[in-house]
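Reader: I should like a close look at the interior of this chain, with the cut-offs behind each term stated.

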Amino acid sequence: MITITGIIVLALIAYFAKEFITGGMSISNPLENSTTDSAPIVEGRFTPLSLAKFNGTDDPKILIAVKGKVYDVSNGASFYGPGGPYENFAGRDASRGLAKNSFELDCLTPTDQPIDQLKNLTADEIESLDGWEQHFEGKYPLVGTLHENGDSI
Ligand code: HEM
């Protein structure tokens, strides 16, 4: 004889089975660590120009370059998304700004100019940048690298 508890248990099993089948509870790919619906980027090769569209507006995905590596920071949209405190970094090479602890536009190299080689940073600024690199490395998926030109996506 089926009890109320039995019906509840069956309903819960049916619910979780449906969630699992429709993807709601599936184990996610770590590179798919994005709050957006757009497809994950895996090891893309970016130029400053091709990176620029990933600013949370032109494309919902938000990417940031730090020391030549490109991270998907979409999960940090409250920081980097439109209206966020660090939105200037979205779609850009943030290295100099992170080194100098500034999110001002004058720390960002225009996208049609050569990539900042970060030659004239002080020891403190290099240390600060390296600290931020660790932060991004530990928190966000690495999705590509930044190049002067070449195949861009
Ligand atoms: C008025 C001064 C500032 C305040 C009060 C402030 C506050 C904060 C807070 C509360 C967090 C979140 C920390 C956490 O939960 O992990 C954060 C993260 C961060 N801040 Fe600031 N900040 C300031 C200035 C700056 C400046 C000038 C920069 C420029 C480089 C900056 C870059 C960042 C970055 C990159 C993160 C990490 C966001 C992430 O995890 O993706 N902040 N800040």
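What does the secondary structure of the chain come to? Please continue from there to the nonpolar core and to R96.

Author: This is a predicted model, in which local features need pLDDT of at least 70 and side-chain atom pairs count only at pLDDT 80 or more, while totals for chains, interfaces and linings use all residues. Residues are numbered from 1 along each chain as its sequence is written, and side-chain values use heavy atoms, leaving out hydrogens and water.

The chain holds five helices and four strands, where helices (H or I, at least four residues) and strands (E, at least two) are DSSP runs numbered from the N terminus. Along the sequence they follow the pattern α-β-α-β-β-α-α-α-β.

Of the 153 residues, 36% count as buried; buried means under 20% relative accessible area, exposed over 50%, and partly exposed in between, with a 1.4 Å probe and protein chains only. A nonpolar core is a set of buried Ala, Val, Leu, Ile, Met, Phe, Trp, Tyr and Cys residues joined through side-chain atoms within 4.5 Å. The largest such core has 17 residues, and I64, V73, Y80 and F136 touch the most other members. Two or more residues each come from β2 (63-66), α4 and α5 (123-139). Apart from this core lies another, of nine residues, including F46, L51, I115 and L146.

R96 is placed in helix α4 (residues 95-100). R96 counts as buried because its relative accessibility is 14%. Not counting residues up to four places away in sequence, R96 touches C107, D116, L118, K119, N120 and L121, contact meaning heavy atoms within 4.5 Å.
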